[in-house]
Amino acid sequence: MTNSPIKPVAASAVMTSTTALNSTSTADLNNTAVSTVSAVSRTEPGCPAGGPADVTRSLTLPDDLAPVALLGARDEVLRAVERGFPDVSVHVRGATVTVTGPAARVDVVVVLLSELIDVARAGTPLTADAVDRAISLLDASARPAEVLTDEVLTTHGRSIRPKSLGQKAYTDAIENSTITFGIGPAGTGKTYLAMAKAVDALVRKQISRIILTRPAVEAGENLGFLPGTLTDKIDPYLRPLYDALHDMLDAEALPQLIAAGTIEVAPLAYMRGRTLNDAFIILDEAQNTSPEQMKMFLTRLGFGSKMVITGDISQIDLPGGRPSGLRVVRRILDGLEDIAFCELTAADVVRHRLVGQIVDAYARYDAAHADTVGADPATRRGGPRRRTPSEFRDRNRP
């Protein structure tokens with residue numbers, strides 16, 4: 001993610017909320033960061049007369065926060081702040097952080113540092129990527145501490161938390177709605193966060209089982225030509241779900257939970273005719289369902305259950321130009337109570353930063369070629385139509 005300057009409008013909104021934040025923090029928490037104006041001047045050589053004056057503000061770190069927790073290994077957090085605000089200088093001496101630069105920019109950096117302090121005190125490790133995300137959240141007039149410290153699940157000694165405003169809205173929607181659709185590109189955490197919410201609900205005994213499913217579209221739901229048993233045939237299509245489960249559950253516990261039926265991983269075709277009560281049900285890769293399959297799946301919902309449907313409408317693999325059930329369902333269900341649709345974007349990608357740029361590049365390419373592709377059915381299918389055997393026979397007749 002490339003850092004961009006904070007917009008003045010966002011900065012003003014952020015400063016209003018952070019003034020209250022600082023006063024609340026200092027009242028409720030011992031030795032929380034305190035901001036003071038210690039000097040006002042413009043001393044840089046070559047500055048135009050009458051230009052905006054620089055201000056210097058200082059923040060004192062809380063007693064229970066080691067400076068390295070805020071600054072990061074080899075000061076990587078501090079360097080990330082400086083990259084995001086090249087017109088502001090940040091210096092650290094002991095437990096005091098001094099920020100100097102144009103008043104509006106200094107105010108935003110003070111807000112940023114105050115939020116990062118709250119994030120670090122909550123136990124979330126700070127990295128350069130976390131700083132980038134915090135800056136983006138401030139740009140959207142959101143509090144980074146509210147997003148980055150929202151714990152979804154603690155497992156194997158680490159916490160799973162949303163890392164963007166879109167992910168926070170997504171996890172909140174799962175918490176508050178019976179059916180949630182998470183729609184967005186690869187790497188936005190759609191399936192992973194849904195899985196974390198499912199495991200958390202199971203641990204809290206809010207549900208009695210987790211059911212994970214996805215369509216085996218590449219084989220057209222007809223797996224007979226693959227070698228091995230039925231389990232061997234469907235496992236490759238369900239492997240991403242197993243991978244997420246291994247991240248969140250002990251290796252010894254997972255086989256036992258699957259054997260007991262507490263966790264079930266199955267292809268979508270196996271959902272037909274069932275009513276799923278007291279369960280957390282996740283349909284992954286939903287862009288590869290037909291409208292009929294989507295209706296079938298949604299009507300499996302039973303009492304005491306939640307559903308999360310995830311998919312990326314830019315990667316539809318349905319054969320023969322069939323319509324995607326994920327595209328159609330929003331037009332059918334949008335506006336119904338207790339059903340939430342969450343749109344995730346490249347800004348919510350949490351994989352390598354290049355993934356977000358790749359997603360954006362493909363979106364621009366698809367938009368630029370939409371008219372050409374849409375106008376030519378042969379191009380939309382990937383090439384000119386092949387002749388049928390009868391056409392070849394007719395062509396070769398004397």
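# Burial, cores and contacts

Visitor: Is Pro236 buried or exposed?
Guide: The relative accessibility of Pro236 is 52%. The cut-off for the upper class is over 50%. Pro236 therefore counts as exposed.

Visitor: What kind of model is this, and in which helix is Pro236 found?
Guide: The model is predicted. Pro236 falls within residues 230-248. That run is helix α9.

Visitor: What distance separates the C-alpha atoms of Pro236 and Ala216?
Guide: Along the chain, Pro236 and Ala216 are 20 residues apart. In space, their C-alpha atoms are separated by 9.1 Å.

Visitor: How many helices and strands does the protein chain have?
Guide: The chain has 398 residues, and 44% of them count as buried. Its accessible surface is about 20600 Å², with 54% belonging to carbon and sulfur atoms. The count of elements is 15 helices and 12 strands.

Visitor: What share of the contacts with a separation of 6 or more comes from residues 24 or more positions apart?
Guide: The base is the set of contacts in the protein chain with a separation of 6 or more. Residues 24 or more positions apart account for 69%.

Visitor: Which element gives the largest share of the largest nonpolar core?
Guide: This core has 37 residues, and Val81, Val99 and Leu116 have the most contacts inside it. Elements giving two or more residues include β2 (54-60), α3 (76-84), β4 (96-102) and α4 (103-121). The largest share is 11 residues, and it comes from α4.

Visitor: Which residues does Leu116 touch, beyond four places in sequence?
Guide: Leu116 is one of the residues with the most contacts inside the largest core. Leaving out residues up to four places away, its partners are Leu70, Val77, Val81, Leu126, Val131 and Ala134.

Visitor: How many residues does the second core have?
Guide: The second core is separate. Among its members are Ala198, Ala201, Ile282 and Cys342. Its size is 33 residues.

Visitor: Is Thr188 buried or exposed?
Guide: Thr188 sits in the loop between β7 (179-183) and α8 (190-203). Beyond four places in sequence, Thr188 is in contact with Gln167, Leu344, Thr345, Asp348 and Val349. Its relative accessible area is 0%, so Thr188 is buried.

Visitor: Which backbone oxygen lies 2.8 Å from a polar side-chain atom of Thr188?
Guide: The pair joins a backbone atom to the side chain of Thr188. The oxygen belongs to Pro185.

Visitor: Which residue makes a polar contact with the side chain of Arg57?
Guide: Arg57 lies in strand β2. Its relative accessible area is 19%, and the cut-off is under 20%, so Arg57 is buried. At 2.8 Å, its side chain makes a polar contact with the side chain of Asp107.

Visitor: What is the relative accessible area of Phe303?
Guide: Phe303 is in the loop between α11 (291-298) and β11 (306-311). Beyond four places in sequence, Phe303 touches Asn277 and Asp278. Phe303 is exposed because its relative accessible area is 75%.

Visitor: What distance separates the C-alpha atoms of Phe303 and Asn277?
Guide: Phe303 and Asn277 are 26 residues apart along the chain. Their C-alpha atoms are separated by 4.9 Å.

Visitor: What is the area of the nonpolar surface patch that includes Ile358?
Guide: Ile358 lies in helix α13 (residues 353-375). Its relative accessibility is 45%, so Ile358 counts as partly exposed. Leu354, Ile358 and Tyr362 make the patch, with an area of about 330 Å².

Key
Residues numbered from 1 in each chain as written. Predicted model: local features only at pLDDT ≥ 70, side-chain atom pairs only at ≥ 80, totals over all residues. Heavy atoms only, no water. Patch = residues over 30% accessible without salt bridge, like charges linked within 9 Å, V, L, I, M, F, W, Y side chains within 5 Å. Areas by Shrake-Rupley, 256 points an atom, 1.4 Å probe, with all protein chains shown as cover. Salt bridge = Lys/Arg side-chain N within 4 Å of Asp/Glu carboxyl O. Helix = DSSP H or I, 4+ residues; strand = E, 2+ residues; numbered from the N terminus. Buried < 20%, exposed > 50% of the residue type's maximum accessible area, 1.4 Å probe, protein only. Core = buried A, V, L, I, M, F, W, Y, C linked by side-chain atoms within 4.5 Å. Contact = heavy atoms within 4.5 Å. Polar contact = N/O pair within 3.5 Å; in protein donor to acceptor, adjacent residues only side chain to side chain.
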